[in-house]
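The exercises below deal with salt bridges, helix ends and burial. Please look through the sequence and the structure before working through the solutions.

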Amino acid sequence: MTSLNRTMILNTLIKHETLTIVDLAKMVNPGIKPKENHLQLLLDEILESGHICMLNGITPSTYTITDKGIKEGQRLAQEE
């Protein structure tokens, strides 16, 4: 069974650019139902690294990929 990881989140945001947390949970991998706290933990980690940013003043939480995140997603994809 595949588990949710940083690469999946980055690749999903590279493809869609901006997603709410609800949409991200649905699109990251249709075969995986991530636990909300696991998804949030990964998002917080990626947010802190500067690979994504959270849009201010928007509910529900909405995330977008940064240039740094695109480069990291491409680097991780080459490693797989």
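A polar contact is a pair of N or O atoms within 3.5 Å; within protein, one of them must be able to donate a hydrogen and the other to accept it, and residues adjacent in sequence count only if both atoms are side-chain atoms. The model is predicted, so local features need pLDDT of at least 70 and side-chain atom pairs count only at pLDDT 80 or more, whereas totals for chains, interfaces and linings use all residues. Residues are numbered from 1 along each chain as its sequence is written, and side-chain values use heavy atoms, with hydrogens and water left out.

**Exercise 1.** Find which residue caps the N-terminal end of helix 1, and describe the helix that follows.

Solution. Helices are DSSP runs of H or I with at least four residues, numbered from the N terminus. The cap of helix 1 is Asn5, which places a side-chain oxygen 3.0 Å from the backbone nitrogen of Thr7. Within helix 1, the buried residues (under 20% relative accessible area, with a 1.4 Å probe and protein chains only; exposed is over 50%, partly exposed in between) include Thr7, Met8, Ile9 and Leu10. Just after helix 1, Glu17 takes a positive phi of about 70 degrees.

**Exercise 2.** Determine which residue forms a salt bridge with Glu45, and why the pair ties together separate parts of the chain.

Solution. A salt bridge requires a side-chain nitrogen of Lys or Arg within 4 Å of a carboxyl oxygen of Asp or Glu. The partner of Glu45 is Arg6, with the closest N and O atoms 3.2 Å apart. Because Glu45 belongs to helix 3 (residues 36-49) and Arg6 to helix 1 (residues 6-16), the pair ties together parts that are 39 residues apart in sequence. Glu45 itself is partly exposed, at a relative accessible area of 41%.

**Exercise 3.** Work out which residues are linked with Arg75 in a network of salt bridges.

Solution. Begin with Glu72, whose side chain meets that of Arg75 at 2.8 Å, N to O; the two are three residues apart in helix 4 (residues 67-79), about one helical turn. Next take Glu79, which pairs with Arg75 at 2.3 Å between the closest N and O atoms and lies four residues away in helix 4. An α-helix has 3.6 residues a turn, so residues three or four places apart point the same way. Finally compare accessibility: Glu72 is buried at 15%, Arg75 is partly exposed at 36%, and Glu79 is exposed at 55%. The network therefore consists of Glu72, Arg75 and Glu79.
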